[in-house]
Amino acid sequence: MKTYHGSCHCGVVRFEADIDLGQGTLRCNCSICAKARFWPAIVQPHAFRLLAGAAALTEYRFHTKRDQHLFCRHCGVRPFVNGHSPRWGEFVAVNVACLDDATAEELANAPITYLDGRNDNWDTPPLQIHHL
Ligand SMILES: [Zn+2]
């Protein structure tokens, strides 16, 4: 477990999060993850701290409207999602691509679990994963 510091592209939104990248990250084929190329690590809400930029975050909700997909209104980068699921309860999906002090080695070595969100199938990976 390590405390990482992250930000959006323009730097207005800044956060820190306690993440064990060895516990894995996600790639998902659902409509929002696929289009946004979202690459998250899932953490408990208490492991995530927004340090700056709350006023710059714009939220986007769709489908069940349960999850708060946030993006910086200045640069469009999506640093994290606040969500709720039967599987994880309340969670924060931290975009590991936004971690400024994660090394290339740490990111390259982080295991990836592929999710078939497009078919609402959370038990088996999608048939095609290499484009995610
Ligand atoms: Zn920004």
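These notes cover a zinc site and two strand residues in a predicted model.

1. Zinc donors. The zinc ion is held by four cysteine sulfurs: Cys8 (SG), Cys10 (SG), Cys72 (SG) and Cys75 (SG). They lie 2.3 to 2.4 Å from the ion. Along the sequence the donor residues follow the spacing C-x1-C-x61-C-x2-C.

2. Zinc geometry. The site is tetrahedral. Angles among the four donor atoms run from 105 to 119°. For reference, four tetrahedral donors have ideal angles of 109.5 degrees.

3. Donor exposure. Cys72 is buried, at 0% relative accessibility. Cys75 is partly exposed, with a relative accessible area of 26%.

4. Glu16, setting. Glu16 sits in strand β2, residues 14-19. Its relative accessibility is 17%, so Glu16 counts as buried, the cut-off being under 20%.

5. Glu16, partners. The Glu16 side chain makes two listed polar contacts, one with the side chain of His5 at 3.2 Å and one with the side chain of Arg49 at 2.8 Å. Beyond four places in sequence, Glu16 also touches other residues, including Thr3, Tyr4, Ala47, Phe48 and Leu51.

6. Arg27, setting. Arg27 belongs to strand β3, residues 25-28. Arg27 is buried, with 13% relative accessible area. Tyr4 is 23 residues away along the chain, and the C-alpha atoms of Arg27 and Tyr4 are separated by 20 Å.

7. Arg27, contacts. Neighbours within four places aside, Arg27 is in contact with Arg37, Phe38 and Trp39. Arg27 also contacts Ile112, Thr113, Tyr114 and Leu115, as well as Leu132.

Key:
Residues are numbered from 1 along each chain as its sequence is written. This is a predicted model: local features need pLDDT of at least 70, side-chain atom pairs count only at pLDDT 80 or more; totals for chains, interfaces and linings use all residues. Side-chain values use heavy atoms; hydrogens and water are left out. Helices (H or I, at least four residues) and strands (E, at least two) are DSSP runs, numbered from the N terminus. Buried means under 20% relative accessible area, exposed over 50%, partly exposed in between (1.4 Å probe, protein chains only). Contact means heavy atoms within 4.5 Å. A polar contact is a pair of N or O atoms within 3.5 Å; within protein, one must be able to donate a hydrogen and the other to accept it, and residues adjacent in sequence count only if both atoms are side-chain atoms. Donors are N, O and S atoms within 2.8 Å of the metal (3.2 Å for Na, K and Ca); water is not among the atoms, so sites may look incomplete. Four donors count as tetrahedral if all angles lie between 85 and 135 degrees; four count as square planar and six as octahedral if opposite donors are over 155 degrees apart and all others between 65 and 115; anything else is irregular.
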